[in-house]
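Work through the following exercises with the sequence and the structure side by side. Each task is followed by a solution that proceeds in steps.

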Amino acid sequence: SNTCAIRRLSPNAGGIELFATGVGYVWWRRMNPSGEWSPVWNGASDSTISVASGVAVTGVLHDHFFLFARDADNELRYTEYNGKWTGDWQNLGGELMGTPAALMSQEGRIDVYVRALSNGQIYQRWMHNGSWIDSWFPKALASSDPTVVSFNNSHLDVLARTPQNTLGHEVFQVMWAAEPVDTEVPMPAGNPAAVAPQPGTAHIFVTQPERNGSIWHGFWPRKP
């Protein structure tokens, strides 16, 4: 699982925030637009939990974002920063493996994806204007953690390795496509990271421990 996550402070300004898991906790450090790092690592949230996964971070405003992680009981937790940490880690339940993926495509809307411990199936849950939908919604079967990218606020691409070890893809464009797509692009073992730099392109990256940590790069052209 990914142990670090990075977030730009805003789409139009420099600076980044770096989040890392270590010894069961989530730590946070910021580099401002001038390139200067905050002097020390700080704990994320007003409370600590025993984190058993990497961390996912998402947000569209400079000082407002959400962190997601799996705890030691394999349940999904999240915490919110809005100028300051707004409280403790909240429990969204579930029984999952690996690291969650999350995306805030617009202010007030977050989609989060996890992989079930029981069968590897991907499940989705979302928040709209501060309220979480009550249920988890099943998506495709997968043999890796999911990753999610977007190039506008009405489009989502959820990517993961299929049980056949190829790149799998589910598309949301106003509504979900009827079926997940097996792109038939061979994909190595490992958990993907992805970016959609512009409509019509997706770049997928996977670390390959069996190849001395080399990174596999897949490029997938698609219609916007």
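Contact here means heavy atoms within 4.5 Å. The model is predicted, so that local features need pLDDT of at least 70 and side-chain atom pairs count only at pLDDT 80 or more, while totals for chains, interfaces and linings use all residues. Residues are numbered from 1 along each chain as its sequence is written, and side-chain values use heavy atoms, with hydrogens and water left out.

**Exercise 1.** Describe the surroundings of Thr58.

Start with its place: Thr58 belongs to strand S5, residues 51-61, a strand being a DSSP run (E) of at least two residues, numbered from the N terminus. Next, Thr58 has a relative accessible area of 5% and is therefore buried (under 20%; exposed is over 50%, and partly exposed lies in between, with a 1.4 Å probe and protein chains only). Leaving aside residues up to four places away in sequence, Thr58 touches Arg7, Phe65, Phe66, Phe68, Ala102, Leu103, Met104 and Ile110. Finally, for one of these residues, Met104, the backbone nitrogen lies 2.6 Å from a polar atom of the Thr58 side chain.

**Exercise 2.** Determine whether strand S20 is largely enclosed or not, and find its pairing.

First count the buried residues: strand S20 (residues 201-208) has 6 of its 8 residues buried, and it is therefore largely enclosed by the rest of the structure. Then turn to strand S19 (residues 192-195), which pairs with S20 in the antiparallel sense over 4 bridges, where pairing requires that DSSP finds at least two bridges between the strands. Within this pairing, Val195 has His203 of S20 as its bridge partner.

Key:
Polar contact = N/O pair within 3.5 Å; in protein donor to acceptor, adjacent residues only side chain to side chain.
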